[in-house]
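Colleague: I have the model open now. Could you walk me through it?

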Amino acid sequence: MKRAIFKKFIVILSLVLFLSGSIFSMAISDIMLDKTRNNLLYTLRMADFSIDYQKNLKEQVDSLKAIENEEATRFTILDFEGNVLADSNLTDYTKVENHSGREEIKEALKMGEGYAKRYSDTMRIPMLYVSCLSGKGDYILRIAVPFSGLLQYTGMLLPAILFSIGTTLGISILLANQFARSITKPLMEITEELRKLKEQNPEFHFKKYQYEEMNMIADTIMEMSNAVKESMKQIEFERMVRQEFFSNASHELKTPITSVRGYVELLENGLVTDEGQKKEFLARIKKETQNMTNLINDILMISRLETKEAEVVLSKVRVCPLVSEVCTSLEPLAKQCDVTIEMNCRPIVMTANTQQLKELFTNLINNAIKYNKPGGKVSVTVTTESDEVIIVVEDTGVGIPEESKQRVFERFYRVDKGRSKKMGGTGLGLSIVKHVVNYYNGTIHLESTLNIGSKFTVRLPKNMDEKH
Ligand code: ADP
């Protein structure tokens, strides 16, 4: 790249030198032509002044040429018809053709003076011809001098031209080199920093560069690196959560499987003979398998919530019939626990996914029954306030200690593990509720007093974007 910049720089510079040189030499040539023409005209007028047209003209033009002291200079005197009367470079005029067609003669006859530049066949060099009318009679005076413009001075100017080209090129090479370096050096440094990408946790450090574009590259890399770091952290966090979840889930499954195996082995060995005991063991096996089913169902629910969020279908849901349905399905459990359910529901229609909403109510009401006291009460209230649906599930149960209030929403967290297991709990119910609430950008709030009861208040937006 450095080479390419360098080369381009030199090419541009040579072009500039060539163009400016050409324009400059054209302008100088014009000035020179003008000056020479005026000088020659002046010489002609002086000659006209000194010539006596009655005397021998050839002698006079020869002596004028002698004064000029320039071999190629040529004086000519012509009449108005273009006939040569005298010429410093010729002796026999009979062979000389008529000059009336010559540019400088035509112009002189028309304007009083004229000039032309052309290649002289006689002298075999480019010549400048200047002519003017005599002030003493019908004569035309003409002077011709070799003239090749600026080329005439090439010899004299060559050292200066070579010197200036040399110095300009020298300085330019230095500058081009510096300029190319000022671009490639930051790029090399940025590339060097980027090699750190191979490292585990790259820390980039970029300097402040002279060119804003370089700083923009450095800043963008920094931003990208920070974004990558952030998402790596997120991925690592999610990996850990998942890992913890799987290890907890396997642990949760291991216990019931071990106990089921134990009961089966006892029954298999024929060690248990008592029919009552056999029945009890079978009932325990049934209970453990029910617990496992509950756990697997909850795990599946969580996995559905996590992975299928994009496919959730939202529709208008009438909340009251849905709550009624949940309460009815939980009625046997309520009876078993000697708990009464009170339902107070306004006719509300909200945008939601029926399955998710059902899951939310089931888990909250199920807990309110499970962790209640015999003769206790569960009240379910659904109301609206501006654009929100407010769901309150309150019980007169055992309550939740202060230090566990935040943690009950964690996966597999249980306050009283024994009671939870006995009631078929999995420790996942409230984390499913929290998941659903978060999906709707809602809030969940818990108030609880030990041995008095608990109150869960959920607020959800009534009209969520159906395409969400
Ligand atoms: P579980 O399947 O064990 O019920 P949850 O996630 O639903 O799991 O609840 C977590 C823990 O919070 C329960 O084990 C229980 O100790 C406590 N809990 C939940 N709801 C109530 C409630 N209404 N009253 C008292 N304790 C509750």
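Modeller: A term to begin with: a disulfide here is a pair of cysteine sulfur atoms within 2.5 Å. Please keep in mind that this is a predicted model.

Colleague: Fine, so how many disulfides does the structure hold?

Modeller: The structure holds one disulfide, formed by Cys320 and Cys345, whose sulfur atoms lie 2.3 Å apart.

Colleague: And which parts of the chain does the pair link?

Modeller: The pair links distant parts of the chain, with Cys320 in helix H7 (residues 319–336) and Cys345 in strand S7 (residues 340–345), 25 residues apart.

Colleague: Is that disulfide left-handed or right-handed?

Modeller: The torsion about the S-S bond of Cys320 and Cys345 is about -100°, so the disulfide is left-handed.

Colleague: Switching to the ligand, where does it sit?

Modeller: The ligand occupies the largest pocket, and the elements that contribute two or more residues to the shell around it are helix H8 (354–370), helix H10 (429–439) and strand S12 (453–461).

Colleague: Which of them gives the most?

Modeller: H8 does, with three residues in the shell around the ligand.

Colleague: Which residues come nearest to the ligand?

Modeller: Of the 22 residues around the ligand, the nearest are Asn367, Tyr371, Ser420, Thr426 and Gly427; by type, the shell divides into 10 nonpolar, eight polar and four charged residues.

Colleague: What about polar contacts to the ligand's oxygen and nitrogen atoms?

Modeller: A backbone N or O atom of Val415 lies 3.0 Å from an oxygen atom of the ligand, and a polar backbone atom of Gly429 is 3.3 Å from a ligand oxygen atom. On the side-chain side, an N or O atom of Ser454 is 3.5 Å from a nitrogen atom of the ligand.

Colleague: How much of the ligand's accessible area does the protein cover?

Modeller: The protein covers 98% of the 530 Å² of accessible area that the ligand has on its own.

How values were computed. Residues numbered from 1 in each chain as written. Predicted model: local features only at pLDDT ≥ 70, side-chain atom pairs only at ≥ 80, totals over all residues. Heavy atoms only, no water. Near = heavy atom within 4 Å. Polar contact = N/O pair within 3.5 Å; in protein donor to acceptor, adjacent residues only side chain to side chain. Areas by Shrake-Rupley, 256 points an atom, 1.4 Å probe, with all protein chains shown as cover. 1 Å grid on protein atoms, 1.4 Å probe; cavity = no way out; pocket = protein on both sides within 12 Å on 5 of 7 lines; lining within 4 Å. Sits in = over half its atoms within 2 Å of the grid points. Helix = DSSP H or I, 4+ residues; strand = E, 2+ residues; numbered from the N terminus. Nonpolar A, V, L, I, M, F, W, Y, C, P; charged D, E, K, R; others polar.
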